[in-house]
Amino acid sequence: MIDDIREKLITPKNQVVLLNREGQIIASDNHLFTLTIGSDIAQLDPFFETVSALIVEENQHIPFNCVTIPDSNNKLQYYD
(Lines give C-alpha, C1' and ligand atoms only; values in the text may rest on other atoms or scores of the structure.)
Protein backbone atom coordinates (compact mmCIF):
# COMPACT_ATOMS: atom_id res chain seq x y z
CA MET A 1 0.00 0.00 0.00
CA ILE A 2 2.71 2.50 0.91
CA ASP A 3 4.51 1.72 -2.35
CA ASP A 4 1.36 2.60 -4.30
CA ILE A 5 1.06 5.93 -2.49
CA ARG A 6 4.76 6.68 -3.03
CA GLU A 7 4.42 5.84 -6.73
CA LYS A 8 1.49 8.27 -7.13
CA LEU A 9 3.10 11.13 -5.21
CA ILE A 10 6.78 10.98 -6.11
CA THR A 11 7.38 9.19 -9.39
CA PRO A 12 5.21 11.39 -11.65
CA LYS A 13 7.21 14.49 -10.66
CA ASN A 14 10.77 13.18 -10.87
CA GLN A 15 13.26 12.38 -13.59
CA VAL A 16 16.66 10.82 -13.08
CA VAL A 17 19.40 12.25 -15.31
CA LEU A 18 23.08 11.30 -15.21
CA LEU A 19 25.58 13.91 -16.37
CA ASN A 20 29.31 14.06 -16.91
CA ARG A 21 31.39 16.91 -15.50
CA GLU A 22 30.75 19.06 -18.57
CA GLY A 23 26.98 18.84 -18.10
CA GLN A 24 26.44 16.40 -20.97
CA ILE A 25 23.69 13.85 -20.54
CA ILE A 26 25.02 10.30 -20.27
CA ALA A 27 21.71 8.66 -19.24
CA SER A 28 18.11 9.63 -18.49
CA ASP A 29 14.93 7.78 -17.62
CA ASN A 30 13.05 10.36 -19.78
CA HIS A 31 10.11 10.31 -17.38
CA LEU A 32 9.23 14.00 -17.82
CA PHE A 33 11.36 15.14 -20.76
CA THR A 34 12.91 13.25 -23.63
CA LEU A 35 16.61 14.04 -23.43
CA THR A 36 19.27 13.09 -25.96
CA ILE A 37 22.37 11.24 -24.78
CA GLY A 38 25.42 13.44 -25.37
CA SER A 39 23.49 16.70 -25.41
CA ASP A 40 24.10 19.50 -22.90
CA ILE A 41 21.58 19.68 -20.03
CA ALA A 42 21.50 23.48 -20.46
CA GLN A 43 19.66 22.93 -23.76
CA LEU A 44 16.62 21.90 -21.71
CA ASP A 45 16.54 25.20 -19.85
CA PRO A 46 19.09 27.96 -19.01
CA PHE A 47 18.56 27.11 -15.32
CA PHE A 48 20.82 24.10 -15.85
CA GLU A 49 23.79 26.15 -17.12
CA THR A 50 25.14 26.16 -13.56
CA VAL A 51 25.06 22.38 -13.20
CA SER A 52 28.50 21.65 -14.62
CA ALA A 53 30.02 24.04 -12.04
CA LEU A 54 28.29 22.08 -9.25
CA ILE A 55 29.66 18.70 -10.29
CA VAL A 56 32.93 18.27 -8.40
CA GLU A 57 33.17 14.49 -8.02
CA GLU A 58 32.00 11.34 -9.74
CA ASN A 59 28.72 9.76 -8.62
CA GLN A 60 27.65 12.97 -6.90
CA HIS A 61 23.93 13.22 -6.15
CA ILE A 62 22.47 16.70 -6.68
CA PRO A 63 18.70 16.87 -6.29
CA PHE A 64 16.88 19.92 -7.64
CA ASN A 65 13.67 20.41 -5.66
CA CYS A 66 11.21 22.48 -7.66
CA VAL A 67 12.32 23.42 -11.12
CA THR A 68 10.11 25.63 -13.29
CA ILE A 69 10.37 24.95 -17.00
CA PRO A 70 8.08 26.28 -19.75
CA ASP A 71 6.31 23.67 -21.85
CA SER A 72 5.97 23.83 -25.65
CA ASN A 73 3.16 26.42 -25.30
CA ASN A 74 5.37 28.61 -23.07
CA LYS A 75 3.19 27.79 -20.06
CA LEU A 76 5.25 27.36 -16.89
CA GLN A 77 5.33 23.85 -15.46
CA TYR A 78 6.48 23.27 -11.89
CA TYR A 79 8.39 20.14 -11.00
CA ASP A 80 9.05 19.62 -7.32
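# Exercises on a predicted model

Among contacts in the protein between residues at least 6 apart in sequence, 19% join residues at least 24 apart. The model used in these exercises is predicted.

## Exercise 1: Overall layout

Task. State how many helices and strands the protein has, and in what order the elements run.

Solution.
- Step 1. Count the elements: there are two helices and four strands.
- Step 2. Read them from the N terminus, which gives α-β-β-α-β-β.
- Step 3. Turn to burial: 20% of the 80 residues of the protein count as buried.
- Step 4. Add the surface: the accessible area of the protein is about 6300 Å², and carbon and sulfur atoms hold 52% of it.

## Exercise 2: A nonpolar patch

Task. Find which residues make the nonpolar surface patch of about 280 Å², and decide whether Val16 is buried or exposed.

Solution.
- Step 1. The patch is made by Val16, Leu18 and Ile26.
- Step 2. Locate Val16: this residue sits in the loop between α1 (2-9) and β1 (17-19).
- Step 3. The relative accessibility of Val16 is 52%. The cut-off for exposed is over 50%, so Val16 counts as exposed.

## Exercise 3: The surroundings of Ser39

Task. Describe where Ser39 lies, whether Ser39 is buried or exposed, and what the side chain of Ser39 reaches.

Solution.
- Step 1. Ser39 belongs to the loop between β2 (25-28) and α2 (51-54).
- Step 2. Its relative accessible area is 16%. Buried means under 20%, so Ser39 is buried.
- Step 3. The Ser39 side chain reaches the backbone oxygen of Thr36 at 2.6 Å.
- Step 4. Set aside the neighbours of Ser39 within four places in sequence; Ser39 is then in contact with Gly23, Gln24 and Ile25.

## Exercise 4: The aromatic pair

Task. Say how many aromatic pairs a search of the whole structure finds, and classify the geometry of Phe47 and Phe48.

Solution.
- Step 1. The search finds one aromatic pair.
- Step 2. The ring centres of Phe47 and Phe48 are 5.0 Å apart, and the ring planes stand at 80°.
- Step 3. Planes over 60 degrees apart count as edge-to-face, so this is the class of the Phe47 and Phe48 pair.
- Step 4. Check accessibility for each partner. Phe47 has a relative accessible area of 38% and is partly exposed, whereas Phe48, at 11%, is buried.

## Exercise 5: Two residues of one loop

Task. For His61 and Glu58, give the loop, the accessibility class and the separation from Leu18 and Leu19 respectively.

Solution.
- Step 1. His61 is in the loop between α2 and β3 (67-70), and Glu58 is in the loop between α2 and β3.
- Step 2. His61 is exposed at a relative accessible area of 69%. Glu58 is exposed at 62%.
- Step 3. From His61 to Leu18 the separation is 43 residues in sequence and 9.3 Å in space, C-alpha to C-alpha.
- Step 4. From Glu58 to Leu19 the separation is 39 residues in sequence and 9.6 Å in space, C-alpha to C-alpha.

## Exercise 6: A backbone angle

Task. Give the sign of phi at Asn30, then place Asn30 in the structure.

Solution.
- Step 1. Phi of Asn30 is positive, about 55°, although Asn30 is not a glycine.
- Step 2. Asn30 lies in the loop between β2 and α2.
- Step 3. With 30% relative accessibility, Asn30 counts as partly exposed.

How values were computed
Residues numbered from 1 in each chain as written. Predicted model: local features only at pLDDT ≥ 70, side-chain atom pairs only at ≥ 80, totals over all residues. Heavy atoms only, no water. Buried < 20%, exposed > 50% of the residue type's maximum accessible area, 1.4 Å probe, protein only. Contact = heavy atoms within 4.5 Å. Areas by Shrake-Rupley, 256 points an atom, 1.4 Å probe, with all protein chains shown as cover. Patch = residues over 30% accessible without salt bridge, like charges linked within 9 Å, V, L, I, M, F, W, Y side chains within 5 Å. Salt bridge = Lys/Arg side-chain N within 4 Å of Asp/Glu carboxyl O. Polar contact = N/O pair within 3.5 Å; in protein donor to acceptor, adjacent residues only side chain to side chain. Phe/Tyr/Trp six-rings, centres within 6.5 Å; stacked < 30°, edge-to-face > 60°.
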